[in-house]
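Grab a viewer and work through these short exercises. Each one comes with a worked solution, so try it yourself before reading on.

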Amino acid sequence: MRIAKALSFLSFIPCHRLPSRSIYLNGKQIPLCARCMAILLGYLTLPALFLMPLPFWVGVLLQVPMLADGFTQYKKWRESTNWLRVVTGLLSGVGQGVIVVSVVNFLVESLT
C-alpha cells in the first residue's frame, strides 16, 4: 500500500498502463508500464551526463533499440517482453538525457 501511494504521483504521465506490460512490487502494479518506468529511471543519469557529456549522435543512437522494439511489436511481427521493454526504455531515457545535455551545452556555448 505504501509503494502504491508513493508512486501515485506518476499517474499524470501519459501511459497506457496495461497490466500485462507493467512491473509489480509486492503484488501492486506500478502506475506506469515497464518501458515508461525505465525511461524515467534513465533520466536519473542527467546529472552524471552534465559532468561527462556524450556526443549528440550517441543520444540519437540510443533511441534505436526502443524504436525497433516498438515498431516490430506494433507491426505484430513479434511480441516484446517486459524485460526487453525495461532495457530499451532505460537506453532511451539515457539517450534523451544525452540529447538534452548536448542541446543545453550547445546553447550555452552559442550564447557566451
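## Exercise 1: the aromatic pair

The structure, a predicted model, holds one aromatic pair. Which residues form the aromatic pair, and are the planes stacked or edge-to-face?

*Solution.* Start with the partners: they are Phe-71 and Trp-77, with 5.5 Å centre to centre. That pairs them, because the cut-off for ring centres is 6.5 Å. Next, take the angle: the planes sit 85° apart, making the pair edge-to-face. Planes over 60 degrees apart get that label. Finally, check exposure: Phe-71 is partly exposed at 42% relative accessibility, while Trp-77 reaches 59% and counts as exposed.

## Exercise 2: positive phi

Find where Asn-26 and Lys-76 lie, and work out whether each is buried or exposed.

*Solution.* Some background first: most residues other than glycine have a negative phi. Now Asn-26: its phi is near 50°, so a positive value. Asn-26 belongs to the loop between strand 1 (22-25) and strand 2 (28-33). With 71% relative accessibility, Asn-26 is exposed, since the cut-off is over 50%.

Then Lys-76: phi is near 60°, again positive. Look for Lys-76 in the loop between helix 5 (64-74) and helix 6 (82-111). Its relative accessible area is 73%, so Lys-76 is exposed.

## Exercise 3: the whole chain

In which order do the elements of the chain run?

*Solution.* Count first: there are six helices and two strands. Then read from the N terminus: α-β-β-α-α-α-α-α. To round things off, 31% of the 112 residues count as buried.

Methods: Residues are numbered from 1 along each chain as its sequence is written. This is a predicted model: local features need pLDDT of at least 70, side-chain atom pairs count only at pLDDT 80 or more; totals for chains, interfaces and linings use all residues. Side-chain values use heavy atoms; hydrogens and water are left out. Helices (H or I, at least four residues) and strands (E, at least two) are DSSP runs, numbered from the N terminus. Buried means under 20% relative accessible area, exposed over 50%, partly exposed in between (1.4 Å probe, protein chains only). Rings of Phe, Tyr and Trp (its six-membered ring) pair if their centres lie within 6.5 Å; planes under 30 degrees apart count as stacked, over 60 as edge-to-face and the rest as tilted.
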